[in-house]
Amino acid sequence: MAEAHSLMLYNTLTRRKEEFVPLDAQNVRMYVCGPTVYDYAHIGNARPVVVFDVLFRLLRQMYGEKHVTYVRNITDVDDKINARAAEEGISIRELTERTAKQFHEDIKALGVLPPTIEPRATEHIEEMKALIEELIASGHAYVAEGHVLFDVPSMPDYGKLSNRSLDEMAAGARVEVAPYKKDPMDFVLWKPSKPGEPSWPSPAGIAEPGRPGWHIECSAMAGKHLGDIFDIHGGGIDLVFPHHENEIAQSRCAHGTDVMARYWLHNGFLQVEGEKMSKSLGNFITIHDLLKEWPGDVVRFNMLRTHYRQPIDWTRKGLEESKATLDRWGEISDRIGGALTKHALPDIGVIEALKDDLNTPLAITRLHELAKECRANADGASETWLASAAFLGFDVARWHSPVQSAELVEVTDPDLANRVKSLVAQRGEARKAKNFKEADRIRDELAATGVVLKDAKDPATGEIVTTWELAR
Ligand SMILES: [Zn+2]
């Protein structure tokens with residue numbers, strides 16, 4: 001067995017792969033920016049959800065399920081939400097509840113585990129206001145025309161995550177700058193609500209009710225649930241600037257710390273058939289629509305075939321290839337009975353691949369090798385293979401066709417019944433002799449006459465039991 005290595009993660013903050021050492025191995029803490037709930041999540045939104053689910057699973061494996069806290073928020077206050085609710089003529093609450101429910105159904109189908117805590121922005125307004133007050137008190141924020149703004153020049157190393165200097169950012173800032181800003185880079189922590197928009201009593205003695213800017217919610221929720229400094233912060237690469245840069249500025253300046261999270265992880269962009277996904281190009285793919293055509297495992301597999309930091313080109317051809325692989329694995333699983341016991345452990349090679357900055361392509365290569373071993377020797381590697389695939393989040397119980405009881409199949413033709421019984425027995429003998437070619441030939445011969453065989457392991461004896469039914 002290979003020597004266990006430490007977990008290495010590429011840290012956007014330092015621009016290198018670093019050994020992961022948690023602040024407290026008894027409570028490893030990770031925050032990932034979640035969805036803004038106003039419409040079906042698209043496949044680009046699914047990428048961080050799946051990627052950080054793999055990391056969550058790996059951390060749980062390394063530190064124990066009870067020793068990992070994973071927070072993924074829901075943004076339920078946003079201009080897009082207000083606009084969509086008005087468009088549909090429904091309440092904001094109705095829209096956000098419905099969309100959050102759809103999101104949960106979609107990602108469950110992709111094999112994503114629920115995070116430990118899933119806080120909502122609207123339930124953390126008080127925490128946001130407290131942070132804003134602290135930022136004003138420490139000279140990092142100011143009030144102007146009903147707004148509270150973060151004073152970017154008050155933080156000398158602003159821009160460290162995205163690796164840009166203040167001068168560079170100022171040069172790139174849009175020409176039109178709100179007149180109440182002291183500096184063009186200053187960003188909104190709190191703003192007045194327009195009529196009909198959700199509003200709360202404002203902080204900082206502002207008389208008019210208002211609502212939070214986008215960035216402050218993550219600082220408030222991460223601080224509340226994970227502490228002033230925590231281990232890992234994740235999200236899509238598009239969030240590095242300005243969202244994550246601003247989260248860091250808010251949290252560090254409010255708490256007086258030199259980091260917010262110690263490891264910043266970002267997944268790469270997603271394109272569709274070689275083009276940027278956009279509603280105007282008509283190539284906007286929701287998870288919901290994908291799942292109408294493809295099993296959730298195929299979507300997950302297709303996502304994990306590419307390393308998380310690389311850009312993905314999401315194509316139909318890629319999905320077809322992923323489906324072909326999983327179909328083949330399903331056949332192998334059928335052949336070996338598809339049994340996975342609770343105590344079965346994943347392969348060390350799969351875990352080591354993931355420990356190297358979540359190298360899922362390498363982990364999948366290892367799954368291919370294990371599948372090959374299973375095909376060659378049904379008794380040996382099967383549990384490790386299935387346990388490894390389950391560890392990567394695949395629904396291996398579904399790979400194996402559900403067992404049908406032969407008694408339930410009404411066969412009125414005794415000749416047919418006898419012929420099938422005899423062929424099933426022959427196939428059983430062939431399998432015992434490890435003559436899988438012959439076993440498969442018999443299965444195919446029966447399939448050609450509309451008889452579908454189902455193999456399952458008898459949990460009591462460990463024997464493979466074959467039942468059959470007539471295809472409709
Ligand atoms: Zn965030």
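**Helix crossing, sheet and zinc site**

Colleague: Is the crossing in which α10 passes α12 left-handed or right-handed?

Modeller: This is a predicted model, in which local features need pLDDT of at least 70, side-chain atom pairs count only at pLDDT 80 or more, and totals for chains, interfaces and linings use all residues. Residues are numbered from 1 along each chain as its sequence is written, and side-chain values use heavy atoms, with hydrogens and water left out. A crossing is left-handed if the near helix is turned anticlockwise from the far one by less than a right angle, and right-handed if clockwise. Where α10 passes α12 (helices being DSSP runs of H or I, at least four residues, and strands runs of E, at least two, numbered from the N terminus), the crossing is left-handed.

Colleague: At roughly what angle do the axes of α10 and α12 cross?

Modeller: Axes are lines fitted to C-alpha atoms, for helices over the stretch in contact (heavy atoms within 4.5 Å), and angles run from 0 to 180 degrees between N-to-C directions. Contact residues include Trp329 of α10 and Leu367 of α12. The axes of α10 (residues 316-335) and α12 (residues 360-376) come within 10 Å and cross at roughly 35°.

Colleague: Which strands stand at the edges of the open sheet?

Modeller: Four strands pair antiparallel (a pair needs at least two DSSP bridges) in the order β5-β6-β7-β8. The twist averages 20° from one strand to the next. Two strands have a single partner each, so one side of each is left without a neighbour in the sheet; these are β5 (141-144) and β8 (210-212).

Colleague: Which residue in the turn of the β5-β6 hairpin has a positive phi?

Modeller: Four bridges join β5 to β6 (residues 147-150), and Ala144 has His147 as its bridge partner. Two residues lie between the strands of this hairpin, and the one with a positive phi of about 50° is Glu145.

Colleague: Why is the arrangement of donor atoms around the zinc ion irregular?

Modeller: Donors (N, O and S atoms within 2.8 Å of the metal, or 3.2 Å for Na, K and Ca; water is not among the atoms, so sites may look incomplete) come from Cys33 (SG), Cys218 (SG), His243 (NE2) and Glu247 (OE), at 2.0 to 2.2 Å. Four donors count as tetrahedral if all angles lie between 85 and 135 degrees; four count as square planar and six as octahedral if opposite donors are over 155 degrees apart and all others between 65 and 115; anything else is irregular. The arrangement is irregular because the four donor atoms subtend angles of 80 to 128°.
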